[in-house]
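Welcome, and please load the model in your viewer. Keep your selection tool at hand as we go from stop to stop.

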Amino acid sequence: MTTTESASGRYRALETWPTEDLVDGMIESQYSAVAAVQAASGSIVAAIDAAVERLRGGGRLIYAGAGTSGRIAAQDAAELPPTFSWPYERAVPVMAGGEAALLRAVEGAEDDGAAARQALDELGLTAQDVVIGVAASGNTPFAVAALARARDSGALAIAVYNNRDGRMAEVADVRVLIETGAELLAGSTRLKAGTAQKVVLNCISTGIMVRLGFVYRGLMVEMQPTNAKLQQRARRVVAELADCSEDTAAAALAEAGDSIKLATVMLVKSLDRGEAEALLARGGGTLRGALG
């Protein structure tokens with residue numbers, strides 16, 4: 001069976017290729033990574049739907065991984081608070097080797113299953129939590145141990161992996177297998193496998209946020225406008241949803257404490273801030289719930 005550790009005959013003379021052929025080959029391999037994700041779409045759907053059930057009860061999204069996989073997972077976790085106002089304490093990366101390993105490789109950390117179990121025990125897992133373990137081989141002891149501990153604790157265990165024989169499948173509730181096969185550089189899973197993992201995590205986390213109501217009409221209505229670019233985007237979003245000028249939108253945002261959804265409800269329903277907050281609360285805190 002072809003795995004991420006296999007050497008591909010396609011690239012046997014790679015170092016002799018002209019640069020243009022080398023680049024074309026690398027791009028070609030990235031296309032195949034996305035194709036592998038498409039084949040796993042059913043499992044991605046299952047992961048999203050199962051996770052939403054838990055997270056509605058106040059659970060956390062916890063990502064566990066080592067090396068490239070852990071860094072990709074940590075990036076996904078870090079993007080959720082600014083994009084969807086998802087609380088930082090509910091988007092938790094558990095990285096083999098700790099935070100230092102996000103910037104520098106910590107040799108041997110991926111083999112420390114005990115560290116994964118300890119990290120999750122310190123978090124105090126509950127049945128509402130969702131643990132996503134990510135590992136190209138599917139056999140990384142750190143990721144395997146994290147999923148096993150999650151399952152033992154009653155949390156939802158989701159495995160994202162690239163090799164069919166990965167042991168993660170044995171300890172997961174939902175298995176997202178993305179069979180990317182041999183890498184351009186045998187075993188260099190920061191390439192195809194990493195790309196596929198990034199796409200899968202994008203799909204899972206964004207799908208969860210959409211299902212939870214944090215997106216309205218394809219717009220990031222929970223976004224935190226924390227810099228000039230995002231403040232401009234917030235004005236445009238409110239202006240579009242409320243069918244008003246950007247100046248009017250800016251004034252409403254100022255009154256609403258920079259909350260896009262609150263400013264939108266105030267303008268669309270002609271309400272003051274208190275009334276708009278009450279309507280949002282009755283609508284479950286989502287813009288669609290408030291506006292229909």
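The tour visits a helix and then some aromatic rings, in a model that is predicted.

**Stop one: helix α5**

Select residues 141-152, which make up helix α5. Its 12 residues reach 16 Å from the first C-alpha to the last, close to the 16 Å expected at 1.5 Å a residue.

Now show the side chains of Phe142, Ala143, Val144, Ala145, Ala146, Leu147 and Ala150: these are the buried residues of α5. What covers them? Add β1 (61-65), β2 (91-95), α4 (113-123), β3 (130-135) and β4 (156-161) to your view, as the cover of these buried residues includes these elements.

Before leaving, step just past the end of α5 to glycine 154, where phi is positive, at about 90°.

**Stop two: the aromatic pairs**

How many aromatic pairs are there to find? The count comes to two. For one of them, select tyrosine 11 and tryptophan 17, whose rings are tilted with 55° between the planes and 6.0 Å from centre to centre. Tyrosine 11 has a relative accessibility of 11%, under the 20% cut-off, so it counts as buried.

Next, select tryptophan 86 and phenylalanine 214, another tilted pair, with centres 6.1 Å apart and planes at 55°. Zoom out to see which parts of the chain this pair links: tryptophan 86 sits in the loop between α3 (67-84) and β2, while phenylalanine 214 sits in the loop between α6 (192-211) and α7 (228-242). The two residues are 128 residues apart along the chain, and both tryptophan 86 and phenylalanine 214 are buried.

Notes:
Residues numbered from 1 in each chain as written. Predicted model: local features only at pLDDT ≥ 70, side-chain atom pairs only at ≥ 80, totals over all residues. Heavy atoms only, no water. Helix = DSSP H or I, 4+ residues; strand = E, 2+ residues; numbered from the N terminus. Expected span 1.5 Å × (residues − 1). Buried < 20%, exposed > 50% of the residue type's maximum accessible area, 1.4 Å probe, protein only. Contact = heavy atoms within 4.5 Å. Phe/Tyr/Trp six-rings, centres within 6.5 Å; stacked < 30°, edge-to-face > 60°.
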